[in-house]
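Please follow the chain with the viewer open, moving from the strands and their connections to the core and the helix that lies across the sheet.

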Amino acid sequence: MNNTVTKEQIGSILNESQFDVKTIFGKCTVVTAKLPNGFVIVESSACVDPVNYNAEMGEEICRKRIENKVWELEGYKLQSALADEAS
């Protein structure tokens, strides 16, 4: 078994995911990702003053957080598989 999570694996998961992006109260972006296995991740990004709100920036921040979470989850999944294999 391979003992690393690759950028290609993460990219594939994200490419196969469904995303929903919403603006709330004119100053908050909420991005929901449904991963290929059905697991759902929700992230948000907001500013104090709606004058400073940038929906594109908010979505970019949320998507990066979701990507980081997928890395974490895939690392956990791999660690669990390796531990099971070792026992």
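In this predicted model, β1 (18-24) and β2 (28-34) pair in the antiparallel sense over seven bridges, where helices (H or I, at least four residues) and strands (E, at least two) are DSSP runs numbered from the N terminus, and two strands pair if DSSP finds at least two bridges between them. Within this pairing, Gln 18 stands opposite Lys 34 in β2. Being a predicted model, it is read with limits: local features need pLDDT of at least 70, side-chain atom pairs count only at pLDDT 80 or more, and totals for chains, interfaces and linings use all residues. Residues are numbered from 1 along each chain as its sequence is written, and side-chain values use heavy atoms, with hydrogens and water left out.

The hairpin of β1 and β2 has three residues between the strands, and Phe 25 is found in that loop. Its phi is near 55°, a positive value in a residue other than glycine; most residues other than glycine have a negative phi. Phe 25 is also exposed, with a relative accessible area of 78%, on a scale where buried means under 20% relative accessible area, exposed over 50% and partly exposed in between (1.4 Å probe, protein chains only).

On the other side of the sequence from that loop, β2 continues to strand β3 (residues 40-46), and the two pair in the antiparallel sense over seven bridges. Thr 32 has Val 42 in β3 as its bridge partner, while Ala 33 stands opposite Ile 41. Five residues separate the strands of this hairpin, in which Gly 38 takes a positive phi near 100°.

Together, the three strands form an open sheet in the order β1-β2-β3, with β1 and β3 as the edge strands, each pairing on one side only. Which strand is largely enclosed by the rest of the structure? It is β2, because five of its seven residues are buried.

The largest nonpolar core (a set of buried Ala, Val, Leu, Ile, Met, Phe, Trp, Tyr and Cys residues joined through side-chain atoms within 4.5 Å) has twelve residues in all, among them Val 31, Ala 33 and Ile 41. The elements that give two or more residues to this core are α1 (7-15), β2 and α2 (55-86), and the largest share, four residues, comes from α2. Val 5, also one of the core residues, is in contact (heavy atoms within 4.5 Å) with Ile 10, Trp 71, Glu 74, Gly 75 and Leu 78, leaving aside its neighbours within four places in sequence.
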